[in-house]
Amino acid sequence: QVQLVESGGGLVQPGGSLRLSCAASGFTFSNYAMSWYRQAPGKERNLVATITSRGGGTNYADSVKGRFTISRDNAKNTVYLQMSSLKPEDTAVYYCQAVYRYIEVWGQGTLVTVSS
């Protein structure tokens, strides 16, 4: 029962904030680097942010740098994406991904809609 489950998506106004969560189960979460990806309507899936297995290093896409923050709580087997100053172009399905060596696990996605 290896599983990643995203939550926290919804409708938010431009300039607003939202926090996404991704809960892991069925594997040793602290061994895995975690990432958030997103896929906007009619577009390819692209990387948003990554965080190392112990949380000591992060990377962000240029489009979200300074607005989004990725974090993790290994005691809770959960990775987060805090989003602020949201723009309509942030509208997408957001997916979390776990990677450890040759192993790759994906969640089912959660929809974020930024609109007035």
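Leaving aside neighbours within four places in sequence, D90 is in contact with R38, R67, F68, S85, V112 and V114. The model is predicted. This briefing covers D90, then V64, then the disulfide between C22 and C96.

**D90**
- D90 sits in the loop that runs between strand 8 (78–83) and strand 9 (92–100).
- The relative accessible area of D90 is 1%, and buried means under 20%, so D90 counts as buried.
- Among the contacts of D90 are the residues R38 and R67.

**V64**
- V64 lies in the loop between strand 6 (58–60) and strand 7 (68–73).
- V64 is buried, its relative accessible area being 1%.
- Apart from neighbours within four places in sequence, V64 is in contact with R38 and V48.
- R38 is thus listed for V64 and is also listed for D90.
- V64 and G9 are 55 residues apart along the chain, and their C-alpha atoms are separated by 17 Å.

**Disulfide**
- The structure has 1 disulfide.
- The disulfide joins C22 to C96, with an S to S distance of 1.9 Å.
- The pair links distant parts of the chain, with C22 in strand 3 (residues 18–25) and C96 in strand 9, 74 residues apart.
- The torsion about the S-S bond of C22 and C96 is about 45 degrees, and the disulfide is therefore right-handed.
- C22 and C96 are both buried.
- Strand 9, which holds C96, is also the strand that follows the loop of D90.

Key
Residues are numbered from 1 along each chain as its sequence is written. This is a predicted model: local features need pLDDT of at least 70, side-chain atom pairs count only at pLDDT 80 or more; totals for chains, interfaces and linings use all residues. Side-chain values use heavy atoms; hydrogens and water are left out. Helices (H or I, at least four residues) and strands (E, at least two) are DSSP runs, numbered from the N terminus. Buried means under 20% relative accessible area, exposed over 50%, partly exposed in between (1.4 Å probe, protein chains only). Contact means heavy atoms within 4.5 Å. A disulfide is a pair of cysteine sulfur atoms within 2.5 Å.
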